[in-house]
Structure formats: structure tokens, C-alpha cells
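User: I've got this protein open on my screen and I'd like to talk through its helices and charged pairs. Can you walk me through it?

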Amino acid sequence: SAASKRQFKLIFKREFLNDFGYENNVFPLPMAFKKPGNFEFDRQVFKYDVVFWCVESHPIRTAALRLIQDKFDCRDNGSVLGQKYRKYNRKGVKYLRELAASKIIYNFRGVGWDTLRYWEAPAVSRFMITEQPMIRIPDNFKHEEHLIFCKEDLSDLIDITQYYLKHDNEREQIAATAYEHLLKYHTHIKRAEYLLNILNDKL
């Protein structure tokens, strides 16, 4: 391996686990969002109430889909069990526009904690309900300010969803605040600045 030839001075990890003891030269580097050049969306247009378009790459996703697929407008919009990525008709910019037309977006871990949707939902200024990622994210989004963290067992998921479907102003204010937070801390440019700052400080 490369490390056997020369030890790394600095290591950056996307999945910087909260409960693991890393060396002092290891730093978190979660994903970020880069806006596609041709991407625009209408903040006032809603087509869907609740969306969770995903493949079942973790049991919590299956559990969430079982809870919701016959509630809200989930079955009609395709938030159901058995989705296959190859059969998605929402990809690329079209996918982001569809997310932007959703009142509530769910996010749950897949193969790892750091999912694309965790960044995409605030990037399109939409309200997100998610489990709390168990990884270190510098300047992470905050519960009830930028998003809502539900319980790990999903026992409050339906109640939270019903509440925010009824409270439009509160929901949209949280989504707008998340969007501003993402622009301040979590674009690809901000992530590059974070990386360079560590390099300049440590090397």
C-alpha cells in the first residue's frame, strides 16, 4: 500500500465516525453541493407532499418506506418499496427540480452516513426530515433551525411529517434557513477553502 512506502501527514475522511478515536492528523471531509450550471427552480411550486426516492441500501430505508408508502402522496410520487436506481426517471438536473417541487424530503443513511440527499435537500431550499448522521460534520445543520432530526426508530416520523405539512410558514422558514447555511458552509468552494485552511495550518 502507499502508506507502507510513506506515512501520510494528513488524512481526510468522509465518514469520520463520532464514536471512533482517530489520530490527530485525521480530519473530517464530508460531501458538499455544487450547483449544476443549468439548474434553476421555482421556490413557489409544489408537486409533492412527501418524497423519499431511494434504493434500499440500509434497513432503515426499508423501514421508512414501509411506514410511508401508503400515506401522504408517497405511492403516487414513487416513494415506495422496491425502487431500482437503473429504472429511475428522475436523474441529474431533472431529479433536483423534482426535489425542489417537494414540500418534505426524507433522508436516511445508505451504504454510509454521508448521503447526497443530505446536501441536495437544503441546496434546493426544501424542508428535510432525517436521522442524525453519526459522523463529524463541521458546521453541521441544526435540529429545528435547518432541518428536523427524527428518532432512530422512526417512531415520531409520521407525527413530525403531519405537523410540518400543516404548518407551511414554519416549514418553509426552516428550509430557507438551511439553504443560507449551506451557501455559507457547504458548497464545493467552501469545502475546498476548509481543506486548504487545514493544509496551510498543519503543513
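User: How many salt bridges does the count come to?

Analyst: Keep in mind that this is a predicted model. Side chains of opposite charge can pair when their charged atoms come close. The cut-off used here is a Lys or Arg side-chain nitrogen within 4 Å of a carboxyl oxygen of Asp or Glu. By that rule, the count comes to 12.

User: Take the salt bridge between R90 and E98: are the two residues buried or exposed?

Analyst: Their side chains meet with N to O at 3.0 Å. As for accessibility, R90 and E98 are both buried.

User: R109 and E152 also meet in a salt bridge. Which of R109 and E152 is buried, and which is exposed?

Analyst: The N to O distance for this pair is 3.8 Å. The pair links distant parts of the chain, with R109 in the loop between β4 and α5 and E152 in the loop between β6 and α6, 43 residues apart. E152 has 61% relative accessibility, so it counts as exposed. R109 is at 14%, so the buried one is R109.

User: Which residues are joined with R171 into one salt-bridge network?

Analyst: R171 is buried, with a relative accessible area of 1%. R171 forms a salt bridge with E172, and their closest N and O atoms are 2.7 Å apart. Salt bridges that share partners then join R171 into one network with R126, D168 and E172.

User: What span should helix α7 have, going by its residues?

Analyst: Helix α7 runs over residues 168–185, which makes 18 residues. Its end C-alpha atoms are 26 Å apart, and that agrees with the span expected at 1.5 Å a residue, namely 26 Å.

User: Where around α7 do its buried residues sit, and which exposed residues are on the face turned away from them?

Analyst: The buried residues of α7 are R171, I174, A175, A178, Y179, H181 and L182. They cover an arc of only 165 degrees around the axis, so they lie on the same side of α7. Their cover includes β4, α5, β5 and α6. The face turned away carries the exposed N169, Q173 and K184.

User: Last one: which residues does L199 touch, leaving out those up to four places away in sequence?

Analyst: L199 is in helix α8, residues 188–202, and counts as partly exposed because its relative accessibility is 27%. Its C-alpha atom is separated by 9.9 Å from that of K9, although the two residues are 190 apart along the chain. With those sequence neighbours left out, L199 touches L10 and F12.

Key. Residues numbered from 1 in each chain as written. Predicted model: local features only at pLDDT ≥ 70, side-chain atom pairs only at ≥ 80, totals over all residues. Heavy atoms only, no water. Helix = DSSP H or I, 4+ residues; strand = E, 2+ residues; numbered from the N terminus. Buried < 20%, exposed > 50% of the residue type's maximum accessible area, 1.4 Å probe, protein only. Contact = heavy atoms within 4.5 Å. Expected span 1.5 Å × (residues − 1). Arc of directions from axis to C-beta.
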